[in-house]
Amino acid sequence: MLKTKKLVGVGLRQPHYTYVLENKPAVGWFEVHSENFFGEGGPALMFLEKIRETYPLSFHGVGLSLGSADGIDKTHLKILKKRIDRFSPFLVSEHLSWSKIQGRYLPDLLPIPYTKEVLHLFSQHVDETQTYLGREILIENPSSYLEYKCSTFSETDFLSTLCRATGAKILLDVNNVYVSAFNHGWNPRAYLQAIPPDLVGEIHLAGHSSQTFAGGATFLVDTHSTCVCEEVWALYQQAIQQGIYAPVLIEWDEDIPDFATLKAEALKAESYLPQERIAYG
Amino acid sequence: MVSLLSLQKDFFESYQGRSSFANYLKGEGPSSKHRLEIYYNNITFALRKALAISYPLTWKLIGEDCANGAAYAFIQAGTFLPIGGTLDKWSSAFPDFLDHFSPTQNLAYLSDFARLEWCQHVAYSLEDKRPLTVHDFKDVAPESYAKLCLKLHPTVQLFSSPYPLDQVMAVVKGEVDTVELDNRKANALIVRPCQSVNIHWLSEAEFTFFLFIHQGYPLIKVLEKMENTAIQLHEILSFCLQKGLFLEYTFTSEQEEH
């Protein structure tokens, strides 16, 4: 295991498994998508086992669907617990979203309405998950492309109230803040100011792309396919100035570059941190 | 008050083009349509990507454009959407879908090739088990060989096709230029004894031998059933141990034999 616990980690994806094992790059930790390791055996688990010998791991889920009206998938939760028991990740996270209804799974992080009823239901599902796993989880603010008429909470109020009620922490994705703010005309700086620093357990940084439709309407899309943009770096600095300190992750999921590019992004994230905050634990 | 269940059911219906979801959204006009399209596109993109990951050789065989076309048709059919929060076990129905996908009907072997590839995909993430080696038999007395009941490694799958899939595989891997669609069928044994998935192409007799073993017959019964078949027991057992095809053995009693 690495002796220093550096605060900045990198999303681990299949093209980099061999490189990481052979070169042991100096990054603080790795985050993986939990569902990529739901198989019973095989090379993916073998690689993760070996990488875990050197680095702390974080499990980031995309398939639990905490916002589903008809409950969470117990089989999914059971496999997640088995993997947590095997790999002992220091963070386990999911999203403020839904993706499953009546036995059908739509693989995207779909937005939930921010209402009192949905807050109650989502809190129950977070409670159920934390009780079953026997640990705290983190909930990530989503990138969103639509807002519901029926919402009565702001996203930040909903997320903060949820976390206060359940003991969960916020996974603050700064890129998602920027993307959603652009798409809905929110003020991203005000969004960050509304996040209580004590609730933040992890920060995500990633790149996005833009999509322009016929007629000229342009939206930002959370593709995780580019470097972190300057506006997101500026918001990240604001978060640090607000006293938000938590493990920071560089995410990259599409058009994955060589590892050196990810490491350069991680070093840039580290360069904004005060010296005394570069390590954690 | 809007019911979350109704909202989520309506979104699902709208993804399948069966209803509108725009009434739930803030803002009106073309913007609502575009906003929803981003989600619909994300879902379809993720499903297409999952198919391409599960069937990389099929993608290579028919080319990305054609394979993506088949993927979109499979997804749009609507009946094959995933049921669990992982996509790894989804898409076993894709080969059956290819049986009826009109743009590739001239490739008679395509759906069987995809079935073979699904077997490889499944073997990739099954539970790791150490296969038997020759050392595991060192204490077995020669007179007991006939009573051996051999269990195949849990990643072993047996697949037979009326088409020469070994030839098709060789083309995909760039080992030969063309497929000779003779009337020769292909018999495959797929296995992952350690970390790599292997395909072994078998003769008709070898394939039958493995089918009997898979059905749980003791070795002596297998030999009885295959008495008119040209099979060299020593050679095939040696092959099995070299390739890691057995998980364990037991001995059958004389009573069970009869």
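Which residue is the bridge partner of B:Q157 in β3(B)? In this predicted model, the partner is B:I190. The pair belongs to the antiparallel ladder between β2(B) and β3(B), which extends over 5 bridges.

These two strands are part of an open sheet of 3 strands in chain B, arranged in the order β2-β3-β4 with antiparallel pairing. The edges of the sheet are formed by β2 (157–161) and β4 of chain B, each of which pairs on one side only. On average, neighbouring strands of the sheet are turned by 25° against each other, direction ignored. Helix α8 (residues 204–214) of chain B packs on this sheet and touches β2, β3 and β4 of chain B. The direction of this helix makes about 140° with that of β2(B).

The other pairing in the sheet joins β3 (residues 186–191) and β4 (residues 198–202) of chain B, in the antiparallel sense and over 5 bridges. Within this pairing, B:L189 stands opposite B:H200 in β4(B). The two strands β3(B) and β4(B) form a hairpin, with 6 residues between them. In a regular strand, side chains alternate between the two faces of the sheet.

Chain A contains a barrel. Here 8 strands close in the order β1-β2-β3-β4-β7-β8-β9-β12, and the pairing is parallel. Neighbouring strands of this sheet are turned by 30° against each other on average, direction ignored. One of the pairings in chain A is that of strand β4 (residues 91–95) with strand β7 (residues 138–140), parallel and over 3 bridges. In this pairing A:S93 stands opposite A:L138 in β7(A).

Helix α9 (residues 259–271) of chain A lies across four strands of that chain, namely β1 (8–11), β2 (30–33), β9 (200–205) and β12 (248–250). Helix α9(A) runs at about 150° to β1(A). Two packed helices are described by the angle between their axes and the distance between the axes. For helix α8 (residues 230–241) of chain A packed with α9(A), the angle is about 35° and the axes are 10 Å apart. The residues that meet are A:E230, A:W233 and A:Y236 from α8(A), and A:E265, A:K268 and A:A269 from α9(A). By class, this contact has 3 nonpolar, no polar and 3 charged residues.

The two chains also touch each other. The size of an interface is often given as the accessible area lost when the parts come together. Chain A and chain B bury about 4100 Å² between them, with 65% of that area on carbon and sulfur atoms. The contact draws 50 residues from chain A and 45 residues from chain B.

Across this interface, 2 salt bridges are found between chain A and chain B. One of the salt bridges joins B:K49 to A:E254, with the closest N and O atoms 2.5 Å apart. There are also 17 residue pairs in polar contact across the interface, with both residues at pLDDT 80 or more. On the side of chain A that touches chain B, the elements giving two or more residues are α2 (43–52), β5 (98–101), β6 (104–110), α4 (116–133), α6 (174–184) and β11 (218–221) of chain A. The largest share of this side, 7 residues, comes from β6(A). By class, the residues on the side of chain A that touches chain B divide into 25 nonpolar, 14 polar and 11 charged.

Key. Residues are numbered from 1 along each chain as its sequence is written. Chains are lettered from A and ligands numbered from 1 in the order in which they are written. This is a predicted model: local features need pLDDT of at least 70, side-chain atom pairs count only at pLDDT 80 or more; totals for chains, interfaces and linings use all residues. Side-chain values use heavy atoms; hydrogens and water are left out. Contact means heavy atoms within 4.5 Å. Buried area is the accessible area (1.4 Å probe) that two parts lose on being put together, summed over both. A salt bridge is a side-chain nitrogen of Lys or Arg within 4 Å of a carboxyl oxygen of Asp or Glu. A polar contact is a pair of N or O atoms within 3.5 Å; within protein, one must be able to donate a hydrogen and the other to accept it, and residues adjacent in sequence count only if both atoms are side-chain atoms. Ala, Val, Leu, Ile, Met, Phe, Trp, Tyr, Cys and Pro count as nonpolar, Asp, Glu, Lys and Arg as charged, and the others, Gly among them, as polar. Two strands pair if DSSP finds at least two bridges between them. Axes are lines fitted to C-alpha atoms, for helices over the stretch in contact, and angles run from 0 to 180 degrees between N-to-C directions.
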